[in-house]
Amino acid sequence: NSIKLEDLVQLGKIGSGNSGTVIKALYVPESKIIAKKVIPVENNNSLVVNQLVRELTIMKSVHSHGNIVSFYGAYYSQSTGNEIIILMEYMNCGSLDKILSVYKRFYERRMIRADDIWFNELVISKISFAVLSGLSYLYEKYKIIHRDIKPSNVLINSKGQVKICDFGVSKKLINSIADTFVGTSTYMSPERIQGNVYSTKGDVWSLGLMIIELVTAEFPLGGHNDTPNGILDLLQRIVNEPSPSLPTGGDYCFSVEMIDFVNRCCVKNERERSSINELLCHDFISVHKKQGKEFRHWCKKVKVNLKEDKQIRREENERAKLEK
Ligand code: ATP
Ligand code: MG
């Protein structure tokens, strides 16, 4: 009962990353919206491609958890060039990086009051709990380490669900077949950058950086710079500079629980860093345990804000065209 590619109608592009493009699609037999990820590959590599598709298909069983994006199938298609296609659950509020950029645009247009939505502590606590639960399930049950926790791989829907995606398949394997190089991630932990043994605590580090980025709207270790020199500098900084932490003073005022939570994630020495299970019991998670309703409300509001942002941008584009 797997989905046939010819039963899909493409509805539009959602976004694209280093390795491919994600498209919104309608699965006609069930009138269901799904997300279709397309990764272009070189055509001389069918052996590796088949291995990857096999590996992805095994993942199907892994995806039955409330904090993991459902997986509907993986395919190798040669109909429009060579590509790997991954079908998954569509999350209608998108990824955290997308939500963050919408909020940044609202802020620039002065459309957000200081006490308004944004990523407040309740929201960060709920997101952290969801990410940690998903990570814990992956490791306890399948010994899978995610390895790519970052805002674009944490997805939200208007039902108030938070799910992680894009794990398990080694970047190496994708790199060996993808048309473009899948770059080094700046969310990588110091031990991983240095090539040391790597555990689930690498994902804890990435979670810490992600939280700092969401609440400050800036990447903690000095901006994304894509030039080769920039990335090397950044990696060196991660290894050599003191641990990143939440800013204090100025406009910022965080609870002791949240400050402590982030500090426990961002410990450079992997052995001293908290584990996933320790963090699941942290006060920052438990103080917000009962606020499910408030969080669902926030997610609904995100959906509305995304729509409004889309509309405003459409109008801005049209105005720009007219002025030309
Ligand atoms: P990278 O290639 O470095 O992993 P990325 O995660 O941004 O970067 P993709 O995984 O290709 O790249 O995803 C592109 C964008 O599509 C994401 O930023 C996200 O906003 C959106 N997206 C991905 N999967 C889904 C999904 N299942 N539902 C809704 N939106 C999605
Ligand atoms: Mg992704």
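Q: A nonpolar core is a set of buried Ala, Val, Leu, Ile, Met, Phe, Trp, Tyr and Cys residues joined through C-beta atoms within 7 Å, and "buried" means 20 or more other C-beta atoms within 10 Å of a residue's own (12 or fewer is exposed, in between is partly exposed; C-beta atoms are placed from the backbone). This is a predicted model, in which local features need pLDDT of at least 70 and side-chain atom pairs count only at pLDDT 80 or more, while totals for chains, interfaces and linings use all residues. Residues are numbered from 1 along each chain as its sequence is written, with chains lettered from A and ligands numbered from 1 in the order written. So what size is the largest nonpolar core here, in residues?
A: Start with the residues that have the most contacts inside it: Ile84, Met88 and Val131. Helix H3, residues 121-142, gives the largest share of this core, 9 residues (helices, H or I of at least four residues, and strands, E of at least two, are DSSP runs numbered from the N terminus). Count the whole core and you get 65 residues.

Q: Is lysine 37 buried or exposed?
A: Lysine 37 sits in strand E3. Leaving out residues up to four places away in sequence, Lys37 touches Gly20, Val22, Ile86 and Met88 (touching, or contact, means C-beta atoms within 7 Å). Because 22 other C-beta atoms lie within 10 Å of lysine 37, the verdict is buried.

Q: How does glutamine 291 count on that scale: buried, partly exposed or exposed?
A: Glutamine 291 is found in the loop between helix H10 (283-286) and helix H11 (292-323). Valine 123 is 168 residues away in sequence, but the two C-alpha atoms are just 9.5 Å apart in space. Since glutamine 291 has 15 C-beta neighbours inside 10 Å, it counts as partly exposed.

Q: In E3, which residue stands opposite leucine 26?
A: Let's walk through the pairing (at least two DSSP bridges between two strands). E1 pairs antiparallel with strand E2 (residues 21-27) over 7 bridges, with valine 9 matched to leucine 26 in E2. E2 in turn runs antiparallel to E3, again joined by 7 bridges. Across that second pairing, leucine 26 faces isoleucine 33.

Q: In the hairpin of E2 and E3, which residue takes a positive phi near 45 degrees?
A: The hairpin of E1 and E2 has 4 residues between its strands. In the hairpin of E2 and E3, there are also 4 residues between the strands, and the one with a positive phi near 45 degrees is serine 31.

Q: How many residues of E5 are buried?
A: E5 has strands to pair with: E3 over 7 antiparallel bridges, and strand E4 (residues 71-77) over 6 antiparallel bridges. Isoleucine 34 stands opposite glutamate 89 in E5, and tyrosine 75 stands opposite isoleucine 85 in E5. E5 is mostly covered, and its buried count, out of 7 residues, is 5.

Q: Which element gives the most residues to the shell around ligand 1?
A: Ligand 1 is surrounded by 24 residues, the closest being Gly15, Gly17, Ala35, Ser95 and Ser152 (a residue is near if its C-beta atom, placed from the backbone, lies within 6 Å). At least two shell residues come from each of strand E1 (8-16), strand E3 (32-40), strand E5 (83-89) and helix H2 (96-108). With 3 residues, the top contributor is E1.

Note on methods. Two residues are in contact if their C-beta atoms, placed from the backbone, lie within 7 Å.
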